[in-house]
Amino acid sequence: MIMTDIEYDEGGHFGAPRGFHIDVANRVFGLTMCVPFFRFEASGQDAAKFDELVKACDFLSWRDRYEIHACDGTQWSLQVKSGDRVIREISGSNDWPVEWRSVLALLDFCQCPVSFDYSDEEDDMRDDK
C-alpha cells in the first residue's frame, strides 16, 4: 500500500491545538491548526532528501498507541492515508515512538517554524528509547 498523506494533530493541557500535514505524493509539508500558516514544497534537489526523510519516519511500523499515564500533557493522533482511505490510525498521550526523532529531522529540513520537540524530561519517562 502506498502512503499518500500523513495527518498529525495534537492538543492538551498546554497551548492551542496544532498539527501538520505531509502530502507524500506531491512532497508538500504544511502546518494545520497553527498560526502562522506555513507550507514547504520540496522540488529539485530537495525532493530526494524529502523522500528520504519521510521514509526514515517509517510511519507504517508505528504501534497503534503510545502512552505515559499523567493527569495532563499532550494527546496526539496521526493518520496515514492512501488516497482517500485511512490505512493507519495511531495515537498517543505524553509518549511518541522512537521514530519521532526522524519526524523532527523532517520538520527541521522543511524549516517548520513551530516546535514539535518535547522535553528531555518526557524522553526520560519513555520506555522505548
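**Group meeting talk: a seven-stranded sheet and its salt bridges**

Okay, let's start with a pair of residues: Arg-18 and Glu-10 are both buried. Their side chains meet in a salt bridge, with 2.7 Å from N to O. Keep that pair in mind, and I'll come back to other salt bridges later. One thing to say up front: what you see on the screen is a predicted model.

Let's get the overview first. The protein has 129 residues, and 46% of them count as buried. Its accessible surface is about 7,300 Å², and carbon and sulfur atoms account for 49% of that. As for secondary structure, there are three helices and seven strands. What order do they come in along the sequence? The pattern reads β-β-β-β-α-β-β-β-α-α. Here's another number to look at: take the contacts between residues at least 6 apart in sequence, and 59% of them join residues at least 24 apart.

Now, the sheet. Follow the strands across it on the screen. The seven strands make an open sheet with mixed pairing, and the order is β4-β3-β2-β1-β6-β7-β5. Which strands sit at the edges? Those are β4 and β5, residues 65-67 for the latter, and each of them pairs on one side only. If you ignore direction, neighbouring strands in this sheet are turned by 10 degrees against each other on average.

A quick reminder for anyone new to this: strands in a sheet pair through backbone hydrogen bonds, and that pairing is either parallel or antiparallel. Let's zoom in on one pair here. β3 and β4 run antiparallel, with three bridges joining them. As an example, Val-28 has Glu-41 in β4 as its bridge partner.

So what packs on this sheet? Helix α1 lies across β2, β3 and β4, and it runs at about 115 degrees to β2. Helix α2 packs on the sheet too, touching β1, β2, β3 and β4, and its direction makes about 80 degrees with that of β2.

Let's stay with α1 for a minute, residues 45-57. Which of its residues are buried? They are Ala-47, Phe-50, Leu-53, Val-54 and Cys-57. Looking down the axis of α1, these buried residues fall within an arc of 130 degrees, so they line one face of the helix. What do they pack against? Their partners are β2, β3, β4 and also α2, which spans 100-109. Now spin the helix round: the face turned away from the buried side carries Gln-45, Ala-48 and Lys-55, which are exposed. Right after α1 comes Asp-58, and its phi is positive, near 50 degrees.

Asp-58 brings me to backbone angles, and there are two other residues to show you. The first stop is Arg-27, in the loop between β2 and β3. Its phi is near 60 degrees, which is positive even though the residue isn't a glycine. The next stop is Asn-94, in the loop between β7 and α2. Asn-94 isn't a glycine either, and its phi is positive, about 65 degrees. Are these two buried or exposed? Arg-27 is partly exposed, with a relative accessible area of 29%. Asn-94, on the other hand, is buried, at 4%. The cut-off for buried is under 20%, so Asn-94 at 4% counts as buried.

Back to salt bridges, as promised. How many does the structure hold? Seven. You've met the Arg-18 and Glu-10 pair already, so here are two others. Arg-27 turns up again: it forms a salt bridge with Asp-51, and the closest N and O atoms are 2.7 Å apart. This one links distant parts of the chain, as Asp-51 is in helix α1 and Arg-27 is in the loop between β2 and β3, 24 residues apart. Asp-51 is partly exposed, with a relative accessible area of 30%.

The other one joins the side chains of Arg-88 and Asp-64, at 2.8 Å from N to O. Again the pair links distant parts of the chain: Arg-88 is in strand β7, Asp-64 is in the loop between α1 and β5, and they're 24 residues apart. Here Arg-88 is buried, with a relative accessible area of 16%.

That's my tour. Happy to rotate the model if you'd like another look.

Note on methods
Residues numbered from 1 in each chain as written. Predicted model: local features only at pLDDT ≥ 70, side-chain atom pairs only at ≥ 80, totals over all residues. Heavy atoms only, no water. Helix = DSSP H or I, 4+ residues; strand = E, 2+ residues; numbered from the N terminus. Buried < 20%, exposed > 50% of the residue type's maximum accessible area, 1.4 Å probe, protein only. Contact = heavy atoms within 4.5 Å. Areas by Shrake-Rupley, 256 points an atom, 1.4 Å probe, with all protein chains shown as cover. Arc of directions from axis to C-beta. Pairing = 2+ DSSP bridges. Axes fitted to C-alpha atoms, helices over the stretch in contact; angles between N-to-C directions. Salt bridge = Lys/Arg side-chain N within 4 Å of Asp/Glu carboxyl O.
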